[in-house]
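Welcome to the tour! Open your viewer, get ready to select residues, and follow along one stop at a time.

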Amino acid sequence: MRVAVIGGGVMGAATSWRLAKRGVDVVCFDRHSPPHALGSSHGESRIIRSAYFEGSYYVPLLQEVFPMWRELETLSGMRLLTMTGALYIGQPAAEAVVGAEASAKAHGLDVEMLDAAAVRRRYPGHVLHDDEVAVLDRQAGFLNPEGVVTAMLRLAPDVRRDHRIGSVEKLLAEFDSVVVAAGPWTPELLDWMPLRIERQVHAWFSISRDADWFAPDRFPVFIRQSEQFGDVYGFPTLDGVSVKVGRHHAGDFTDPDHIRRRVDEGDVDPLRLMTATFMRGVSGHVTRTITCMYSNTPDHDFVIDFSPHDKRVLVLSPCSGHGFKFAPVIGDIAADLVCDGKTKRDISRFSAARFAPSSHVPDDQAQRH
Ligand SMILES: Cc1cc2nc3c(=O)[nH]c(=O)nc-3n(C[C@H](O)[C@H](O)[C@H](O)COP(=O)(O)OP(=O)(O)OC[C@H]3O[C@@H](n4cnc5c(N)ncnc54)[C@H](O)[C@@H]3O)c2cc1C
């Protein structure tokens with residue numbers, strides 16, 4: 001069986017790795033040279049967590065994925081996952097708090113409820129109102145995205161960089177199956193995919209010399225929900241002099257070939273105000289910025305499914321701003337689907353049919369899977 005994977009971001013790289021592991025003849029194509037900073041899989045750090053407030057149906061995938069990240073570390077000899085725990089901060093009724101508690105209860109996860117005083121005492125880098133609370137999710141931390149993509153692509157036997165694929169149909173003349181993992185460029189190849197591409201900005205702010213509470217062994221990754229700033233998140237310091245923060249779903253809609261890469265004060269000011277309000281020991285001085293893209297589905301759940309128009313085409317669009325942490329298990333699900341036509345994992349929420357009505361699939365193609 002010959003399989004083409006379009007895209008060498010984290011999803012295409014993970015799929016290529018997992019297919020190669022099963023002995024499949026796989027070729028991974030990328031229009032750029034991954035790891036690169038032009039798509040969605042870059043920027044020093046990505047949060048991974050367990051008490052998933054977006055829906056407890058994600059938790060079984062997360063329970064499976066942690067050992068897979070460790071497997072990738074063993075195979076590559078690289079350190080990719082740093083465990084710090086995660087704090088979800090907000091009002092007691094905030095989705096991040098209520099949803100995390102619900103997922104933890106449903107799956108028996110290791111979480112602890114903290115009141116504002118406990119958070120201040122344990123994590124002096126956070127400033128909380130008296131009526132705010134936090135959930136501490138112990139099975140959480142961050143991944144190194146550039147390292148991850150590098151490690152996965154080293155395990156893929158045939159990676160063709162700077163090779164743009166213009167049409168899925170043309171590839172099908174040469175390959176038995178095509179996996180489309182093109183991130184924000186997916187609609188260019190599959191015009192029925194209803195993705196909205198959202199520009200995102202990360203900024204690193206310098207920290208004061210005595211702010212040792214931002215060290216990775218003392219400062220969990222965090223997500224904070226508030227009326228004033230919406231959803232924001234941040235990481236411990238990785239260089240000892242700065243912390244990275246971002247706003248979730250606060251960006252302009254764009255397209256991947258015309259995204260504004262330049263970051264200006266209008267992008268940074270809300271983050272500066274947020275750190276001044278919510279964090280202690282962070283200065284207003286920006287040391288670095290990057291842009292990145294979310295590929296949002298209408299319901300913010302993933303698409304992991306065959307194309308409704310051709311069962312030889314598998315679509316992977318697990319973003320909406322939260323897909324990175326799942327990459328190895330999504331790559332393995334893709335390998336299940338390509339090799340066996342089915343998977344044991346529950347991916348019923350991630351169907352393509354919810355966006356594209358199924359059209360007639362010729363019998364010979366349907367039988368392949
Ligand atoms: C700012 C930001 C913060 C995030 N934070 C988190 C987080 O903390 N935790 C988390 O779990 N997730 C997070 N995410 C989401 C996560 O990073 C994405 O879900 C993931 O990176 C998507 O990977 P991808 O491979 O689908 O897309 P990409 O990384 O964009 O990869 C797509 C690849 O396809 C290639 N390509 C496109 N078209 C073609 C073509 N025609 N021919 C050949 N190659 C092509 C591109 O060059 C690119 O390399 C974040 C995303 C962003 C942008």
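Why does the second largest pocket lie between domain 1 and domain 2? Keep that in mind as you look around this predicted model.

**Stop 1: the two domains.** Start by colouring 2-41, 145-193 and 299-368 in one shade, since the domain assignment gives these segments as domain 1. Then give another shade to domain 2, which is made of 75-143 and 197-296. Their centres, taken over C-alpha atoms, are 29 Å apart.

**Stop 2: where they meet.** The contact involves 23 residues of domain 1 and 17 residues of domain 2. Between them, the two domains bury about 1500 Å², with 63% of that on carbon and sulfur atoms. Now select P184, H300 and S320: in domain 1 these lose the most area to domain 2, together 25% of what that side buries. You will find zero salt bridges between the two domains.

**Stop 3: the second largest pocket.** Select F53, E54, Y58, E95, D231, H248, H249, D299, H300, D301, S320 and H322, which line this pocket of about 150 Å³. The lining has two nonpolar, five polar and five charged residues. Here is the answer to the opening question: both domains give residues to the lining, so the pocket lies between them.

**Stop 4: the largest pocket.** Its volume is about 190 Å³. Look for R199, Q200, V201, R247 and D267, which are among its lining residues. Two elements, β11 (196-207) and α8 (265-278), each give two or more residues to this lining. Which of the elements gives the largest share? That is α8, with four residues.

Conventions
Residues are numbered from 1 along each chain as its sequence is written. This is a predicted model: local features need pLDDT of at least 70, side-chain atom pairs count only at pLDDT 80 or more; totals for chains, interfaces and linings use all residues. Side-chain values use heavy atoms; hydrogens and water are left out. On a 1 Å grid over the protein atoms alone, a cavity is a set of points where a 1.4 Å probe fits but cannot get out, and a pocket is an open set with protein on both sides within 12 Å along at least five of seven lines; lining residues have an atom within 4 Å of a point. Grid points are joined across faces, edges and corners, and a volume is the space filled by probe spheres set on the points. Ala, Val, Leu, Ile, Met, Phe, Trp, Tyr, Cys and Pro count as nonpolar, Asp, Glu, Lys and Arg as charged, and the others, Gly among them, as polar. Domain bounds come from an automatic or database domain assignment. Contact means heavy atoms within 4.5 Å. Buried area is the accessible area (1.4 Å probe) that two parts lose on being put together, summed over both. A salt bridge is a side-chain nitrogen of Lys or Arg within 4 Å of a carboxyl oxygen of Asp or Glu.
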